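Visitor: I am new to reading protein structures, and I keep meeting words that seem to need a reason behind them. Could you take me through this one and show how each word is earned?

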Amino acid sequence: MNVLLCSINNLKELYDLAGVEVGQNFYWQIGTLQVHGQVLIASWVIIGILLSSAIIVVRNQQIIPTRDQNFFESVLELIRDVSQTQIGEDYGPWVPFIGTLFLFIFVSNWSGILLPWKIVKLPHGELAAPTNDINTTVALALLTSAAYFYAGLSKKGIGYFSKYIKPTPILLPINIIEDFTKPLSLSFRLFGNVLADDLVVVVLVSLVPSVVPIPVMLLGLFTSGIQALIFATLAASYIGESVDDYH
């Protein structure tokens, strides 16, 4: 009973994170549904960038790859390597999911540094990278949790839940709590790092606008890419644990 109550409390805490606000936010009221306008606009901008890039690459494929084609093929190879390393032989069907997570987070993180979001004026708040908002990172973390549960149930059926009493039933409470802490860890790590990078750049631009922000922005681009890779690697690792016969 105590384990169940603890799990319910963890879920409630994760749900409440969606209500966390940093500064002012812009909302759309659609009937009884309140939509976070800033996140929705920024997310569709990122999706548009990804779709446009994919269409351009697919339409202009060459027998002798161009520089752009080589770049995108290298990214695909990276995603395949990460998926294969973490998931194993059955990695193929999960490459699109892991790749989508990586590319969306990567482009979102970079957009916070490279795109002039503040040019677009909103009635309340201002546009920023989608991953700069806790709503986005929690949604991505919950999607990852749903994915590894689906992976485990698809391969092992109801026997998937036997992992909670392995190697001993004494670990049942810890194994259950672990599944609730995974999305918390994923969402906090990504949100915290992206928000911290953005705040550091804003502060330095306001204090020393001409020189100091440039190396900090370059460092931010590097760390943003690393955060996207870490998130995708952890997502693939969780899926690999679910389908692994030893778990």
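Guide: Gladly, and please keep in mind that this is a predicted model. A charge and a ring make a good start: Lys163 lies over the face of Tyr164, at 5.2 Å from the ring centre.

Visitor: What makes Lys163 count as lying over the face of Tyr164?

Guide: The rule asks for the NZ atom of a Lys within 6 Å of the ring centre and within 35 degrees of the ring normal. Lys163 is listed as lying over the face of Tyr164, and its distance of 5.2 Å fits the limit of 6 Å. There is also Lys182, whose charged end sits over the ring of Tyr148, 4.9 Å from the centre.

Visitor: Which aromatic cluster do Tyr148 and Tyr164 belong to?

Guide: Tyr148 and Tyr164 form one aromatic cluster together with Phe149, Tyr160, Phe161 and Tyr238. In the whole structure, a search finds 10 aromatic pairs. Two rings are called a pair if their centres lie within 6.5 Å.

Visitor: Let me step back to the overall plan. How many helices and strands does the protein have?

Guide: There are seven helices and two strands. Read from the N terminus, the order of elements is α-β-β-α-α-α-α-α-α.

Visitor: Why are α4 and α5 called roughly antiparallel?

Guide: Two packed helices are described by the angle between their axes and the distance between the axes. Helix α4 covers residues 95-114 and helix α5 covers residues 134-156; they pack at an angle of about 170°, with axes 12 Å apart. Angles over 145 degrees count as roughly antiparallel, and α4 and α5 are therefore roughly antiparallel to each other.

Visitor: Which residues of α4 and α5 meet?

Guide: From α4 come Phe97, Leu101, Phe104 and Ile105, and from α5 come Thr136, Leu140, Leu143, Thr144 and Ala147. Sorted by class, this contact has seven nonpolar, two polar and no charged residues.

Visitor: Staying with α4, how do you know whether Ser108 is buried or exposed?

Guide: Ser108 is in helix α4. Buried means under 20% relative accessible area; Ser108 has 0%, so Ser108 is buried. Beyond its neighbours within four places in sequence, Ser108 is in contact with Ile46, Ala129, Pro130 and Thr131.

Visitor: What about the loop between α4 and α5: is Trp117 buried or exposed there?

Guide: Trp117 lies in that loop between α4 and α5, and its relative accessible area is 8%, so Trp117 counts as buried. Setting aside neighbours within four places in sequence, the contacts of Trp117 include Ala42, Val45, Ile46 and Leu127. Trp117 and Leu127 are 10 residues apart in sequence, and 5.3 Å separates their C-alpha atoms in space.

Visitor: And is Pro123 buried or exposed?

Guide: Pro123 has its place in the loop between α4 and α5. Exposed means over 50%; the relative accessible area of Pro123 is 60%, so Pro123 is exposed. The C-alpha atoms of Pro123 and Tyr27 are separated by 9.5 Å, with their positions 96 residues apart along the chain.

Visitor: Then what makes Ile226 partly exposed?

Guide: Ile226 is found in helix α7. The label partly exposed belongs between the 20% and 50% limits, and Ile226 is at 33%, so Ile226 is partly exposed. Ile226 and Phe106 are 120 residues apart in sequence, yet 8.5 Å apart from C-alpha to C-alpha.

Visitor: Why does Gln227 count as buried?

Guide: Gln227 lies in helix α7, residues 213-243. At 12% relative accessibility, Gln227 is under the 20% limit, so Gln227 counts as buried. Apart from neighbours within four places in sequence, Gln227 is in contact with Asn109, Arg189, Leu190 and Asn193.

Visitor: Helix α7 also holds Gly240. Which label does Gly240 get, buried or exposed?

Guide: Gly240 has 8% relative accessibility, so Gly240 counts as buried. Not counting residues up to four places away in sequence, Gly240 touches Gln86 and Ile87. The C-alpha atoms of Gly240 and Gly152 are 8.8 Å apart, though these positions lie 88 residues apart along the chain.

Visitor: Finally, how much of the protein do buried residues make up?

Guide: Buried residues make up 36% of the 247 residues.

Definitions and conventions: Residues numbered from 1 in each chain as written. Predicted model: local features only at pLDDT ≥ 70, side-chain atom pairs only at ≥ 80, totals over all residues. Heavy atoms only, no water. Phe/Tyr/Trp six-rings, centres within 6.5 Å; stacked < 30°, edge-to-face > 60°. Axes fitted to C-alpha atoms, helices over the stretch in contact; angles between N-to-C directions. Helix = DSSP H or I, 4+ residues; strand = E, 2+ residues; numbered from the N terminus. Parallel < 35°, antiparallel > 145°, perpendicular 65-115°, else oblique. Contact = heavy atoms within 4.5 Å. Nonpolar A, V, L, I, M, F, W, Y, C, P; charged D, E, K, R; others polar. Buried < 20%, exposed > 50% of the residue type's maximum accessible area, 1.4 Å probe, protein only.
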